[in-house]
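Dear colleague,

I am handing over the structure below, and I would be grateful if you could look through it alongside the notes that follow.

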Amino acid sequence: MMVYVSEESIREAVNYFSKLSITSPEQLGLFFVLKGVGINQNTYKPLKKASQMNEEEKRVYYDRLHKLGAVFDFEEEGLKKCCLFPFSIKENLVRGNFYNPASSFQGLLSRLIDTIDNTLIDKFLEKQDNNIRLKRNYIQLIKELYLNGNRISLTFFSAWYCRFIGFSVDETIKKEDFTRVCVEYTIDSLNLSERELDEFFYNDTSFEQIDFQLEMITGRELRNLFTYKTKDDYPEISSSKDYKAVSPYFLALEDVRRYVELNGKNPSTKEIKELLELRKQIVLYGVPGTGKSMFIKDLEDWRDDKGNKFFDSTMKIQFHPSTTYEDFIGGPTIENGSIVSKAGIFLQWCQKAKDYPEKKYLFVIDEINRGNISKIFGETILALDREYIVDLVRPLNINGIEVSKFQIPENLYLIATMNSSDRSIAILDNAIRRRFAFVKLFPNYEVVKEYSDVQGLGVDISRLYKMINKRIYNTLNDEELLLGQSYFLPNFVERDPVTGKIKWSPKLLRLVINYTVLPILEEYTYGNKNDLQNILGEAIPERIYDDNEFLEAIKEFFPEAVL
């Protein structure tokens, strides 16, 4: 079914922005337009006049301008006072609150280019020849010039941005899922970086939600949500079937499902399934705690559209320094006082898959890089290319039958995991890099946000987690030392049986930091107290045992996480 942001959620966003203090709000609105069309700080891009743009370039500008500021829908045409950035919303709107109030929407692109060239170059943009980019210190400039010490609600900003967008959704979608879809779509559409999200916004999705309805709000209904100082300040809008500057936008069901999944920067479970089906063997890698085990569990439970399990059977093993070729492939062993050549676990599993070609088998190797890959696989490493049949060093016995050749059957799928913080990853890369598809998993702040109930705590756990990782990277300059999300999803506390969320308290936060996070950071910074203090401050590494004192220390050193 198709749903839209509800009128009530848009009304709440209008009320929120009417009370937000922003300096030069139209310039801040244009900053987000420029972000949406791809202007960044790394590359100069041509500043073209409207008459020099091709139709696709115009379409992108008009699309972002409509989403950020239009007060008319797709069945109408904005004649005058038609573009109102959310930061310009006031309790009693006047003509001057609208961007270029005397211009029609179709004429705003020329005005926008003029504003960039005449005004924004002196603010957060720099120009070289006829090319522009964001200044190196643009984030600090945006905060100083426009935000007045404020940060923007990510929920209300997204509700406004998505007010005219249709979302194809499953009938079972929940309000919190829809909120996440709107927020993630807004972030993607405007090319917002992690740092911009941290510096310009506060993520209030855990306690502010975006509701949905079956009909899109009309332009007239939107305009009636505002109050105007005089009747003459009301926008001038007409109906126009020939209006072509922008077209209705609908987000497909597949994209909505992708946003609903709590993946962060990681690929969806569906994509990993498709990759495994295509390549037959993949490696999931990342820093500890990034959910490798959860992805494997999802793959074990993988079902087709009819509800049938994709894999008929799964075998899991773990490599470690003492794992041998004889354990994995096979070799001499003593049975009943006699020495026999017995097949190892992988060879047995391959034979099982070969005997039942109509079934699908999954073989999981946990922490593959902890073993000596060359010795464990031996000559059979060539069989990972699948088309090869390998002659074994010696015949091996499987259920009374001697096997002298080895091949991995097509109905056997292989998944390996490894922690990228383990420096033996380089050895693994040299041995089997080209024979596996490698899927990197990143820390997932979204899932921590989703499953954290912080009411009464006064600290945003997801933001705290993100800030700790940011300081780890800034201090140690190594992304392989970041903390995975499992550090902030403690499994020793019960979750709410209805919401599945963790109820955070000062005591729980203290226990997690003191006994889970701090020890690993002490290991990372062994012998360098200054590095540890750069990450957690002076007080926290001393292990505060009073809950309230600990919470105050967290708030003092991580003010960005304070709600």
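In this predicted model, 5 strands (E runs in DSSP of at least two residues, numbered from the N terminus) form an open sheet in the order E13-E16-E19-E12-E20, with parallel pairing, where two strands count as paired if DSSP finds at least two bridges between them. Strand E13 (313–318) and strand E20 (437–441) are the edge strands, each pairing on one side only, and the twist from one strand to the next averages 20 degrees. Within this sheet, strand E16 (residues 361–366) pairs with strand E19 (residues 412–419) in the parallel sense over 5 bridges, and Ile365 stands opposite Ala416 in E19.

Two helices (H or I runs in DSSP of at least four residues) lie across these strands, contact meaning heavy atoms within 4.5 Å. Helix H11 (residues 269–279) lies across strand E12 (281–286), E16, E19 and E20, running at about 140 degrees to E12, whereas helix H14 (residues 345–355) lies across E13, E16 and E19, at about 165 degrees to E16. Axes are lines fitted to C-alpha atoms, for helices over the stretch in contact, and angles run from 0 to 180 degrees between N-to-C directions.

There is also a hairpin, formed by E17 and E18 with 2 residues between them, and Asn399 in its turn has a positive phi of about 55 degrees. Strand E17 (residues 390–398) runs antiparallel to strand E18 (residues 401–406), the two being joined by 5 bridges, and Val390 stands opposite Phe406 in E18.

Residues are numbered from 1 along each chain as its sequence is written. Local features need pLDDT of at least 70, side-chain atom pairs count only at pLDDT 80 or more, totals for chains, interfaces and linings use all residues, and side-chain values use heavy atoms, with hydrogens and water left out.

With best regards
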